[in-house]
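Got your viewer open and a cartoon view ready? Let's walk through this one stop by stop, picking selections as we go.

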Amino acid sequence: MSGRKPTPLGEALKQYLERSGLGEPVEEAAVVPEWAERVGPAIAAVTTPLRVSRGSLVVAVRSSAWLMELKLMEGEIVRRINAGRARGRIRRIHFVMEEGT
């Protein structure tokens, strides 16, 4: 047996993600569960983050009035989402009408 200590699972997973090139996409995807906290209750109540791909976040919006308002606020929302994030930053948000509305 070697004298090495076992690598903690979290560290091994982090190393694997970095080597495989999945680290950045995983960091980007972290914005989905953080959405409500980052944008606040008013916006969170009328939106649903759907997916993240290559720095673009797709968000469903419940009404056309909110859709227009959020498009105007995109820059501010991107700043809120990226605050304190060194990696996995969002560059663009695509607001789309929620299906069925």
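Start by selecting helix H6, residues 74-82, and show whatever sits around its buried residues: the cover includes H3, H4, S2, H5 and S3. Keep in mind that you are looking at a predicted model.

Which residues of H6 are buried? Color Glu74, Ile77, Val78, Ile81 and Asn82, and you have them. Now look down the helix axis: these residues span an arc of only 125°, so they sit on the same side of H6. That fits a general rule, since an α-helix has 3.6 residues a turn and residues three or four places apart therefore point the same way.

Stay on glutamate 74, which lies in H6. Is it buried or exposed? Its relative accessibility is 16%, and because buried means under 20%, glutamate 74 counts as buried. Show its surroundings and, beyond its neighbours within four places in sequence, you'll find contacts with Arg92, Ile93 and Phe95. Then slide past the end of the helix: glycine 84 follows H6 and has a positive phi, near 80°.

Next, select the sheet. It is open, with 3 strands in the order S1-S2-S3 and mixed pairing. Strand S1 (47-53) and strand S3 (92-97) are at the edges; each has a single partner strand, so one side of each has no neighbour in the sheet. Tilt the view and you should see the twist, which averages 25° from one strand to the next.

Zoom in on S1 and S2. They run antiparallel and are joined by 6 bridges. Label valine 52 and you'll see leucine 57 of S2 standing opposite. The hairpin of S1 and S2 has 2 residues between the strands, and there arginine 54 takes a positive phi near 50°.

Now shift to the other pair. Strand S2, residues 56-61, runs parallel to S3, and the two pair over 6 bridges. Pick valine 58 here; histidine 94 in S3 is opposite.

With the sheet still on screen, add helix H3, residues 31-39, which lies across S1 and S2 and runs at about 140° to S1. Bring in helix H5 (residues 64-72) as well: H5 packs on the sheet, touches S1, S2 and S3, and its direction makes about 170° with that of S3.

Time for the core. Switch on side chains for Trp35, Leu57, Ile77, Ile81, Ile93 and Phe95: of the 16 residues in the largest nonpolar core, these touch the most other members. Two or more residues each come from H3, helix H4 (41-45), S2, H5, helix H6 (74-82) and S3. As a general point, nonpolar side chains tend to be buried together in soluble globular proteins.

Center on tryptophan 35 and ask what it touches beyond its neighbours within four places in sequence. The contacts are Ile43, Ala44, Thr47, Pro49, Leu57, Val59, Ile77 and Ile81.

Finally, zoom out to the whole chain. There are 6 helices and 3 strands, and along the sequence they follow the pattern α-α-α-α-β-β-α-α-β. Of the 101 residues, 30% count as buried. Among contacts with a separation of 6 or more, 59% are between residues 24 or more positions apart. Turn on the surface for a last look: the accessible area of the protein chain is about 6,800 Å², and 57% of that belongs to carbon and sulfur atoms.

Key: Residues are numbered from 1 along each chain as its sequence is written. This is a predicted model: local features need pLDDT of at least 70, side-chain atom pairs count only at pLDDT 80 or more; totals for chains, interfaces and linings use all residues. Side-chain values use heavy atoms; hydrogens and water are left out. Two strands pair if DSSP finds at least two bridges between them. Helices (H or I, at least four residues) and strands (E, at least two) are DSSP runs, numbered from the N terminus. Axes are lines fitted to C-alpha atoms, for helices over the stretch in contact, and angles run from 0 to 180 degrees between N-to-C directions. Contact means heavy atoms within 4.5 Å. A nonpolar core is a set of buried Ala, Val, Leu, Ile, Met, Phe, Trp, Tyr and Cys residues joined through side-chain atoms within 4.5 Å. Buried means under 20% relative accessible area, exposed over 50%, partly exposed in between (1.4 Å probe, protein chains only). Accessible areas come from the Shrake-Rupley method with a 1.4 Å probe; for residues, only the protein chains shown count as cover. The arc is that of the directions from the helix axis to the C-beta atoms.
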